[in-house]
Amino acid sequence: MSQIDYLVKPGGQLTGEFRVPGDKSISHRSIMFGAIADGTTHVTGFLQGEDSLNTLRAFRAMGVEIEGPNDKGEVTIHGVGIDGLKKPSKDIDLGNSGTSIRLMSGLLSGQTFDVVLSGDRSLSKRPMKRVTDPLALMGAIVDTDEGGRPPLRINGGSTIKGIDYVMPMASAQVKSCVLLAGMYAEGKTCVTEPATTRDHTERMLNAFGYPVETTGNKMCIEGGARLTACDIDVPSDISSAAFYMVGGSIAENSDITLQHVGVNPTRTGVIDILKLMGANIELLNERIVGGEPVADIRIQSAKLKGINVPESLVPLAIDEFPVLFVAAACAEGQTVITGAEELRVKESDRIQVMADGLQAIGVDAEATPDGMIINGGPVKGGKVHSRDDHRIAMAFTMAGLRSESDIIIEDCENVNTSFPDFIGIANKAGIAVSVCS
Ligand code: S3P
């Protein structure tokens, strides 16, 4: 793949109404559950980004007939039933996608065949012990490379038993992995999370008629039931909308509306944090679509101020910190983020990479073991590196709205994993970003 860099010209104002692409978490799950359901599942609004397409290709490789996505994001999945997946003819490459590898490790531990799951340079560095530990307790046999890194070699044919697992970290991927293995386990599987994380797995399994019981922060599932196909309308991804929430707040004279955004309460930490900073964000036309809350979101320019980010909001905004750091850089006063050590094991070490990049464009930012201290002030401009991380690239694009000179962002190919046509929408909205080489 040839390297793509972004050039962001300083300034701009954001206006208009836009629909950002479909939710990544929901898109992944629609394929996984549609594939093992009985009957035909119709999906609309599917994210045509590389991550969710990798999940789609993986299930095709395991014998599931999947039509689309067409240009409207319509996908038709001909489910093969809970025991209908077939051994793929070769290893499954999941590219950059942590959600694919972690959820599929659970789902595939319960199959009769062996399978190997691998990924790209960034995914190959990410920790998998967090899923292989509970899977081993369930009786699954999953080998990893040194240090618990991918590829994951899953040995089929093991007898999987239900467990009562208390998760050491707040992670929806780990929770989902254990619940998906739990569908193939003898007896009941329960997972307790230390803090609330996104609940798309629980909601969507219930929509497919496979009951998941939630009591406080404990989720339980019984093995041996079946899924029934259903229709899924994927809302726009709040994690993609977040770039424009920050952009619309920090750019002067802006007024932008994002349509049909998923506002599941386990994902809306970014709105709460921005409102605490003084943002002018309104939720309009709130409705429920296919079991998920959805709204149009209007953002107008605001003078942001620095805050201490409440730790309880961290897991509810976990993917939005790169751009929230940019909001803090443009705010008046100091912002302190703590309790966010999980950011160090995302697509990049998002604490270090963002602190390095912010410093490179003249911002007073200091990385701490579990967060960052940022003193808002002028953003100068300069060259930053995305370190293979889509959200770092998009976050620094927003910084250009307030910079004094150009920002060059290196290595932006991976923006395609979650936000196809990011540049097209950014240009329409009023951001002067282009590809340079
Ligand atoms: C996701 C869970 C989160 C998030 C990721 C998507 C999911 O990861 O960062 O982008 O779809 O379950 P963790 O579970 O590692 O926090």
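## A tour of salt bridges and one helix pair

Start by selecting Arg198: this residue is buried, with a relative accessible area of 12%. Keep in mind as you click around that the model is predicted.

Now add Asp319 to the selection. The side chains of Arg198 and Asp319 form a salt bridge, at 3.2 Å from N to O. Asp319 also counts as buried, with a relative accessibility of 12%; the cut-off for that label is under 20%. Zoom out a little and colour by element. Arg198 sits in the loop between strand E11 (188-192) and helix H6 (200-207), while Asp319 sits in the loop between strand E17 (292-300) and helix H9 (321-329), so the bridge links distant parts of the chain, 121 residues apart.

Which residues share a salt-bridge network with Arg198 and Asp319? Select Arg126, Glu347, Arg350, Asp389 and Arg391 as well, and you have the linked set on screen. If you want to hunt for others, a search of the whole structure turns up 25 salt bridges.

One of those pairs is next: pick Arg121 and Asp388. Their closest N and O atoms are 2.8 Å apart, and they form a salt bridge. Arg121 lies in the loop between strand E7 (115-118) and H4, and Asp388 in the loop between strand E21 (382-385) and helix H11 (390-399), so this bridge ties together parts 267 residues apart in sequence. Turn on a surface and compare the two ends. Is Arg121 buried or exposed? At 55% relative accessibility, Arg121 counts as exposed, whereas Asp388, at 11%, counts as buried.

Move over to the strands and select Arg298 and Glu282. Here the side chains meet in a salt bridge at 4.0 Å, N to O. Arg298 is in strand E17 and Glu282 in strand E16 (residues 280-289), 16 residues apart. Both ends are partly exposed: Arg298 has a relative accessible area of 27% and Glu282 has 34%.

Last stop, the helices. Show H3 (residues 98-109) and H4 (residues 129-137) as cartoons: their axes come within 10 Å and cross at roughly 20 degrees. Angles under 35 degrees count as roughly parallel, and H3 and H4 therefore fall in that class. The crossing of H3 past H4 is right-handed. To see what touches, draw sticks for Arg102, Ser105, Gly106 and Ser109 on H3, which meet Arg130, Val131 and Leu135 on H4. By class, this contact has two nonpolar, three polar and two charged residues.

Definitions and conventions. Residues numbered from 1 in each chain as written. Predicted model: local features only at pLDDT ≥ 70, side-chain atom pairs only at ≥ 80, totals over all residues. Heavy atoms only, no water. Axes fitted to C-alpha atoms, helices over the stretch in contact; angles between N-to-C directions. Helix = DSSP H or I, 4+ residues; strand = E, 2+ residues; numbered from the N terminus. Parallel < 35°, antiparallel > 145°, perpendicular 65-115°, else oblique. Left-handed = near helix turned anticlockwise from the far one by under 90°. Contact = heavy atoms within 4.5 Å. Nonpolar A, V, L, I, M, F, W, Y, C, P; charged D, E, K, R; others polar. Buried < 20%, exposed > 50% of the residue type's maximum accessible area, 1.4 Å probe, protein only.
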